[in-house]
Amino acid sequence: MQDDLFASDEPEVLIDEDGLAVLYRRWLSEEQSRGAFQTLAQELRWEQTPITLYGRTQLIPRLNAWYGDAGSGYAYSGASFAPRPWTETLAALRGRLERDTGARFNSVLANLYRDGADSVAWHSDDEPELGPEPTIASVSLGASRRFSLRHKTSRRTLAVELADGDLLLMSGTLQRHWEHQLAKTRRDLGPRINLTYRQVIQGST
Ligand SMILES: O=C(O)CCC(=O)C(=O)O
Ligand SMILES: [Fe+2]
């Protein structure tokens, strides 16, 4: 059908200066997303990780879980995680991502935003164990949320709604030059799961 060729299915380049951010809408079908959401919400070992900032310990405003190859241990916002072994669903998505992007991923950080009050503050995924130009594949499931990117020096900011089934690919020097956040919202919305697949350089931790 002619409609299937509609240009909105083309990847959308959000940023191509000081790094690359490309959005693939509906990378997973509604059915695939719904199945993945249900499975992951139930079977991942969700935790609310404490972080210490300026000597004060708080719980992060979301749940997370870390899965990956043995040896892909990782520190995130002052906490360190040993990854749990891959679940079938996470491994299947990894295989599909590696096929579609040509990149390799040995671990995934899963976030569960229970409602609009859960969030992630401005940060870059620039931990040394990810190497100088990490490719990060971010898959969104469930409720749409506004994701913002801000250039560290020019302060140029752009925002995009990440919707169910979308894939955001961040690569090149993006993490060096840009930060990102998922702000809280008062909108009454349901839960969202985000999976960020990463390649931790072995032996760096
Ligand atoms: O939930 C998102 O879309 C972003 C999550 C994120 O930035 C992270 O886990 O590092
Ligand atoms: Fe991030």
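In what order do the strands of the open sheet of 7 strands stand? The order is β1-β2-β13-β10-β15-β8-β5, with antiparallel pairing, where two strands count as paired if DSSP finds at least two bridges between them. The edge strands of this sheet are β1 (12-15) and β5 (63-68), each of which pairs on one side only. From one strand to the next the twist averages 20°.

Before going further, note that this is a predicted model, in which local features need pLDDT of at least 70 and side-chain atom pairs count only at pLDDT 80 or more, while totals for chains, interfaces and linings use all residues. Residues are numbered from 1 along each chain as its sequence is written, and chains are lettered from A and ligands numbered from 1 in the order in which they are written.

The protein chain holds 3 helices and 15 strands; these are DSSP runs numbered from the N terminus, with helices (H or I) of at least four residues and strands (E) of at least two. For 205 residues, a compact globule would have a radius of gyration near 17 Å, and the 16 Å of the protein chain agrees with this; the radius is taken over C-alpha atoms, and the globule rule is 2.2 Å times the number of residues to the power 0.38. Of the 205 residues, 33% count as buried, a word used when 20 or more other C-beta atoms, placed from the backbone, lie within 10 Å of a residue's own (a residue with 12 or fewer is exposed, and one in between is partly exposed).

Strand β15 (residues 192-198) is a good place to look into the 7-stranded sheet. Because 6 of its 7 residues are buried, β15 is largely enclosed by the rest of the structure. It runs antiparallel to β8, to which 7 bridges join it, and within that pairing Asn111 stands opposite Asn194, while Ser107 has Arg198 as its bridge partner. Strand β10 (residues 136-142) is also antiparallel to β15, joined to it by 6 bridges, and here the bridge partner of Val139 is Leu195.

What gives the most residues to the largest nonpolar core? Strand β8 (residues 107-113) does, with 5 residues. That core has 39 residues, and those with the most contacts inside it are Val108, Ala110 and Ala137; a nonpolar core is a set of buried Ala, Val, Leu, Ile, Met, Phe, Trp, Tyr and Cys residues joined through C-beta atoms within 7 Å. Leaving aside neighbours within four places in sequence, Val108 is in contact with Tyr67, Gly68, Leu90, Arg94, Leu195, Thr196 and Tyr197, a contact meaning that the C-beta atoms, placed from the backbone, lie within 7 Å.

A second sheet, open and of 4 strands, has the order β9-β14-β11-β12, again with antiparallel pairing. Its edges are β9 (120-123) and β12 (157-162), each with a single partner strand, so one side of each is left without a neighbour in the sheet. Strand β11 (residues 145-151) pairs with β12 over 6 bridges, and Leu149 stands opposite Leu158 in β12.

Finally, a UniProt record (unreviewed entry) places the feature "domain: Fe2OG dioxygenase" at residues 104-201; its positions are given in the numbering used here, feature names are shortened, and annotations may be inferred rather than shown by experiment. Over residues 104-201 the chain is 4% helix and 49% strand, with the end C-alpha atoms 11 Å apart.

Conventions
Two residues are in contact if their C-beta atoms, placed from the backbone, lie within 7 Å. Axes are lines fitted to C-alpha atoms, for helices over the stretch in contact, and angles run from 0 to 180 degrees between N-to-C directions.
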